[in-house]
Amino acid sequence: MSSVLKRSFGIKQGVFGSFGSRYISTTSKLNYAFAFDIDGVLIKGNKQIPEATRALKLLNGDNSSNRRIPFVLLTNGGGVTESQKAEQISELINVKIDPKQVVLSHSPMQNLAKKYSDKRVLIVGGRGRSCYDVAKNYGFHEAVTPHDIMHWNSSSWPLSTPTSDLSMLTNPAQEFSQLPIHAVMVFHDSFDWGRDIQIMLDALCSHNGILGTRKNDYTVQDVPLYWSNVSLLKFPFCFFTDFPAPRLGQGAVKVALDSLYKTLTGKNLQSVSFGKPHAATYQFADQVLDAITTEKFVGKRNVYAVGDNPAADIQGANGYGWTSILVRTGVFTGKDNSKEFPAQIVCENVEEAVEKVIALEEGKL
Ligand code: G3P
Ligand code: MG
């Protein structure tokens, strides 16, 4: 934590005791914004974190000046559209969230849609065909999924059965022996690791993306691979699970795939990763903040990133030059600060974080 922040927070807390909307000035120039992690900051499992509602209402203009402070929700979760996530969170915390404010793990990958709009890409992960729907929505017009490949040739992964639910398929009559796969994109957790790893390997090891073929020389990787999130573990209170010990996440599939590729080809598998703590995700979120802000920012904008996971939220924010705020309502529950990825500010919860930042920023005037 910088000495300026430390001093400001310390002094303000000492003088005012607590911080509230009365410190928002109507004449102030807007030069700050927030990025909130979701799991462990706003919600826990499928329940709200109580302080989240007041924190977001305060930013939405429920303050003495009716001023709105811009914020985005920046999560490594995904597997649904931004609209679906906005709806889920709005219901859970009782604050209306606009889909434009939601940055999911795969949201920055929509920028790839220009390059691949008419090229067949394999979209991996998620329940049913939910990630296919997300990909189509982003503009990947030729998206396909492992379900399609299993339906084309059930021997492609003989250890599980192709779905009999035809609505899971992107197009019931896809042909894979002639048309190539141009890229593999993992949008979310795999619901069938064996099948998905096998089919991803098939595409990555194929001659020019034609499934069922094999390259002779693995020096150059023909089929690019993209990951929306490479967190190794999911923590007990994420949207998916409340099991008391961490579960394997998308990053664990990456470890398995990288290792198998190396074992089978002797080469390192190249890939591009999105999601926190990767800079591409922060650049995308920065653009979203620009787009949703009606009141023009003045000067350099301070973005306060509130998160519970030091390795994802704090490392990412520190690396991108945002002000990191670690809360104790999720992954991190320590007394002081994270030793591995120390945050600039540590607060009990999101409400305290918002109140302190508003007091600090408005006090600057
Ligand atoms: O699957 C990981 C997810 O639960 C993390 O979400 O909002 O803490 O980045 P978030
Ligand atoms: Mg979190």
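Which helix axes come within 7 Å and cross at roughly 25°? Before I answer, let me say that what we are looking at is a predicted model. The pair in question is helix α2, residues 50-59, and helix α11, residues 350-363, and with that crossing angle α2 runs roughly parallel to α11. On the α2 side the contact is made by Glu51, Ala52, Arg54, Ala55, Leu58 and Leu59, and these meet Val350, Glu351, Val354, Glu355 and Ile358 of α11. If we sort the residues of this contact by class, we find seven nonpolar and four charged, with no polar residue.

Let me turn to the sheets, beginning with the one of six strands. This is an open sheet with parallel pairing, and its strands follow the order β5-β4-β1-β13-β14-β15. At its edges stand β5, residues 102-103, and β15, residues 345-347, and because each of them has a single partner strand, one side of each is left without a neighbour in the sheet. Looking towards the β15 edge, strand β14, residues 323-327, pairs with β15 in the parallel sense over three bridges, and here isoleucine 325 stands opposite isoleucine 345 of β15. Helix α9, residues 279-292, packs on this sheet, where it touches β1 (32-36), β4 (71-74), β5 and β13 (302-307), and the direction of α9 makes about 150° with that of β4.

Helix α9 also has a helical neighbour to consider. It packs with helix α10, residues 310-320, at an angle of about 70°, the two axes lying 10 Å apart, and that makes α9 roughly perpendicular to α10. The residues in contact are Ala279, Tyr282, Gln283 and Asp286 from α9, together with Ala312, Asp313, Gly316, Ala317 and Tyr320 from α10; by class, this contact has five nonpolar, two polar and two charged residues.

Two residues of that contact, Tyr282 and Asp313, bring us to the enclosed space in the model, for both are also found in the lining of the largest cavity. The structure holds one cavity of 30 Å³ or more, and the volume of the largest cavity is about 50 Å³. Besides Tyr282 and Asp313, its lining takes in Ala35, Phe36, Asp37, Leu74, Lys276, Ala305, Val306 and Gly307. Strands β1 and β13 each supply at least two of the lining residues, and it is β13 that gives the most, with three. The lining divides into six nonpolar residues, one polar and three charged.

As for open spaces, the second largest pocket holds about 340 Å³. It is lined by 16 residues, of which Asn60, Arg68, Pro70, Gln101 and Ile292 are the closest to its centre, and the classes represented in that lining are seven nonpolar, four polar and five charged.

Finally, there is the sheet of five strands, which is again open and parallel in its pairing, in the order β7-β6-β8-β9-β12. Its edge strands are β7, residues 143-144, and β12, residues 272-273, each of which pairs on one side only. Strand β9, residues 225-227, pairs with β12 in the parallel sense over two bridges, and tryptophan 227 has serine 273 of β12 as its bridge partner. Helix α8, residues 250-265, packs on this sheet and touches β8 (183-186), β9 and β12, its direction making about 150° with that of β9.

Terms used
Residues numbered from 1 in each chain as written. Chains lettered and ligands numbered in written order. Predicted model: local features only at pLDDT ≥ 70, side-chain atom pairs only at ≥ 80, totals over all residues. Heavy atoms only, no water. Pairing = 2+ DSSP bridges. Helix = DSSP H or I, 4+ residues; strand = E, 2+ residues; numbered from the N terminus. Contact = heavy atoms within 4.5 Å. Axes fitted to C-alpha atoms, helices over the stretch in contact; angles between N-to-C directions. Parallel < 35°, antiparallel > 145°, perpendicular 65-115°, else oblique. Nonpolar A, V, L, I, M, F, W, Y, C, P; charged D, E, K, R; others polar. 1 Å grid on protein atoms, 1.4 Å probe; cavity = no way out; pocket = protein on both sides within 12 Å on 5 of 7 lines; lining within 4 Å. Points joined across faces, edges and corners; volume = space filled by probe spheres on them.
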